[in-house]
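The following exercises are to be worked with the sequence and the coordinates at hand. Each task is followed by a solution in steps.

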Amino acid sequence: MNNLITLLILSLLPIFSSCQNNSDYLKNKDYKITRSNQEWREILTPLEYHVLRNAGTEKPYTGLYDKHYEKGVYSCKGCDEELYKSENKYNSNCGWPSFDNAIENKIEYGIDYKIGYPRIELKCKNCGSHLGHMFDDGPKDTTGKRHCINSIALNFKPI
Ligand SMILES: [Zn+2]
């Protein structure tokens, strides 16, 4: 019984630890790709830095990949890790690129309370860069999830 309780506590720890604010969250993680804030500023434009490293959001309907439906793979602007396939992209009309799923094991899921209520935050598991959020209004015939991703957080490679 004690073991069960220990297991339960251990399994809940990641949920509690993900409630920290963003900057602490990024600092405490051991990502494969780590850079100082100064190094990030050198390789990213100010808007890229704002979105990727400060969990900012680009204006809706302005991103390069909002209405982009070529065949290929979308990778992380911060580290070039492949994150999303074009076959999972769909038109949600929300103003940002939307995917019903990511490439397996590439995304880190957290919780952010930035706007007063909990939202599921999506980050690159390789470098910790903020990508966007996940919502439950995705296509019902597939996952039912909408990965709402900032265009500026992505690179695209056609296939
Ligand atoms: Zn990355």
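**Exercise 1. Overall pattern**

Read along the sequence, what pattern does the chain follow?

Solution. The model is a predicted one. Begin by counting the elements: the chain holds four helices and nine strands. Then place them in sequence order, which gives α-α-α-α-β-β-β-β-β-β-β-β-β. As for packing, 32% of the 159 residues count as buried. Finally, consider the contacts with a separation of 6 or more: residues 24 or more positions apart account for 57% of them.

**Exercise 2. Confidence**

Determine where the coordinates call for caution.

Solution. Start with the chain as a whole: its mean pLDDT is 88, and 82% of the residues reach 70 or more. Next, locate the weak stretches. Over residues 12-25 the pLDDT is below 50, and this stretch has seven contacts in the model beyond near neighbours in sequence. Residues 4-10 also stay under 50, with zero contacts beyond four places in sequence. The conclusion for reading the model is a general one: where pLDDT is low, predicted coordinates should not be read in detail.

**Exercise 3. The sheet of three strands**

In what order do the three strands of the open sheet that includes β1 stand?

Solution. Take the pairings of β1 one at a time.

- Step 1. β1 (residues 72-76) pairs with β9 (residues 154-158) in the antiparallel sense, over five bridges. Within this pair, Ser75 has Asn155 as its bridge partner.
- Step 2. β1 is also joined to β2 (residues 82-85), by three bridges and again antiparallel. Here the bridge partner of Ser75 is Glu82.
- Step 3. The order is therefore β2-β1-β9, and because β2 and β9 each have a single partner strand, one side of each is left without a neighbour in the sheet. From one strand to the next, the twist averages 30°.
- Step 4. Examine the hairpin of β1 and β2. Five residues lie between the strands, and Asp80 takes a positive phi near 70°.

**Exercise 4. The sheet of six strands**

Which strands form the edges of the open sheet of six strands?

Solution. Assemble the sheet first, then inspect individual pairs.

- Step 1. The strand order is β3-β4-β8-β7-β6-β5, with antiparallel pairing. The edges are β3 (89-90) and β5 (107-112), each of which pairs on one side only.
- Step 2. At the β3 edge, two bridges join that strand to β4 (residues 98-99). Tyr90 stands opposite Ser98 in this pair.
- Step 3. Turn to β7 (residues 130-135). β6 (residues 119-124) pairs with β7 over four bridges, and Leu122 has Gly132 as its bridge partner.
- Step 4. β7 is also joined to β8 (residues 146-149) by four bridges. In that pairing, Met134 stands opposite His147.
- Step 5. The hairpin of β6 and β7 has five residues between the strands, and Gly128 takes a positive phi near 80°.

**Exercise 5. Burial of a strand**

How many of the six residues of β7 are buried?

Solution. Apply the cut-off for a buried residue: 20 or more other C-beta atoms within 10 Å of its own. By this criterion, five of the six residues of β7 are buried, and the strand is mostly covered. This can be set beside its place in the sheet, where β7 stands between β8 and β6 in the strand order.

Notes:
Residues numbered from 1 in each chain as written. Predicted model: local features only at pLDDT ≥ 70, side-chain atom pairs only at ≥ 80, totals over all residues. Pairing = 2+ DSSP bridges. Buried ≥ 20, exposed ≤ 12 C-beta atoms within 10 Å, placed from the backbone. pLDDT = per-residue confidence, 0-100. Contact = placed C-beta atoms within 7 Å. Axes fitted to C-alpha atoms, helices over the stretch in contact; angles between N-to-C directions.
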